[in-house]
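Here are my notes on the model, set out as numbered points for you to read against the coordinates. They take up helix packing first and turn to backbone and side-chain details afterwards.

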Amino acid sequence: PGATHEPCACTDKLLEPGQALLRAPTVPTNQREESSHSNILDSLSSSFLDATLDTSQLAEIFKHVYSCSRWLPLGLELGLRLHPTLERIKLQNHVIEDCLIAMLDAWLQRQDDVGLKGGPTYRQLIGALRSIREGPIADKME
């Protein structure tokens, strides 16, 4: 008797007077999009960090770690052996940057025990940097 029906926002059905609208909790669209975007970025980031690197990427990798003067401990953490690989690099190069580049090149070529350490990936490099207390360099790479 004279009651009005209100349309339900989620369907085309009309509600009876006094009928409660039951809805499942929803995440606002912008939060769902942010969550989805974050998941995609996490996935891309993870695949990027775990992708095998090679010598064609040496210059790019060097740009990330050029400020690391502790190239020898880094090489050890990455799976390179002191004898003969790192000692040879030390004897053949007299500038720290040159030693770092030669060490990274040996790592990218999977010399010595690099494969046993996980191979040349950004994730492996970041972990090795953290192991030798070069966290600030690693932080910039993540």
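1. In this predicted model, helices α2 and α5 cross in a right-handed sense, and their axes come within 10 Å at an angle of roughly 130 degrees. Because angles over 145 degrees are what count as roughly antiparallel, this arrangement makes α2 oblique to α5. On the α2 side the contact is formed by L58, I61, F62 and V65, while α5 contributes E97, L100, I101, L104, D105 and L108. Sorted by class, the residues of this contact comprise 8 nonpolar and 2 charged, with no polar residue.

2. Helix α2 also meets α6, and here the axes come within 12 Å and cross at roughly 30 degrees. The two helices are therefore roughly parallel to each other, since an angle under 35 degrees falls in that class, and their crossing is right-handed. The contact brings together E60, I61, H64 and V65 of α2 with Y122, L125 and L129 of α6. Its residues are 5 nonpolar, 1 polar and 1 charged. When looking at α2, please note that I61 and V65 are named in the contact with α6 and are named again in the contact with α5.

3. The pair α4 (residues 82–92) and α5 (residues 96–108) packs at an angle of about 150 degrees, the axes being 9 Å apart. That angle makes α4 roughly antiparallel to α5, because the class begins over 145 degrees, and α4 passes α5 in a right-handed crossing. T85, L86, I89 and K90 of α4 make the contact together with C99, A102, M103 and A106 of α5. The division by class for this contact is 6 nonpolar, 1 polar and 1 charged.

4. Within α4 there is a backbone feature that deserves a look in the coordinates, for the peptide bond from H83 to P84 is cis, with omega near 0 degrees. P84 itself is found in helix α4. As background, most peptide bonds are trans.

5. Which residues of α6 are buried? In this helix, which spans residues 122–131, the buried residues are Y122, Q124, L125, I126, A128 and L129. Of these, Y122, L125 and L129 are also the residues that α6 brings to its contact with α2.

6. Two residues other than glycine have backbone angles that I would check individually. The general expectation is that most residues other than glycine have a negative phi. D112, in the loop between α5 and α6, has a positive phi of about 55 degrees although it is not a glycine. R133, which is not a glycine either, has a positive phi of about 65 degrees, and R133 comes just after α6, in the loop between α6 and α7 (135–141). As for their surroundings, D112 counts as partly exposed because its relative accessible area of 26% lies between the limits of 20% and 50%. R133, at 75% relative accessibility, counts as exposed, because that class starts over 50%.

7. Where does T52 lie, and which residues does T52 touch? T52 is in the loop between α1 (29–50) and α2 (58–65), and its neighbours, leaving aside residues up to four places away in sequence, are Q57, R110, P120 and T121. With P120 the separation is 68 residues in sequence, yet the C-alpha atoms are 5.7 Å apart in space. Even with these contacts, T52 counts as exposed, having a relative accessible area of 55%, because the class begins over 50%.

8. A last point concerns the cysteines. How many disulfides does the structure hold? The count is 0. C68 is buried, with a relative accessible area of 1%, and C99 likewise counts as buried at 5% relative accessibility, because both values fall under the 20% limit. C99 is also one of the residues that α5 contributes to its contact with α4.

Conventions: Residues numbered from 1 in each chain as written. Predicted model: local features only at pLDDT ≥ 70, side-chain atom pairs only at ≥ 80, totals over all residues. Heavy atoms only, no water. Disulfide = S-S within 2.5 Å. Buried < 20%, exposed > 50% of the residue type's maximum accessible area, 1.4 Å probe, protein only. Axes fitted to C-alpha atoms, helices over the stretch in contact; angles between N-to-C directions. Helix = DSSP H or I, 4+ residues; strand = E, 2+ residues; numbered from the N terminus. Parallel < 35°, antiparallel > 145°, perpendicular 65-115°, else oblique. Left-handed = near helix turned anticlockwise from the far one by under 90°. Contact = heavy atoms within 4.5 Å. Nonpolar A, V, L, I, M, F, W, Y, C, P; charged D, E, K, R; others polar.
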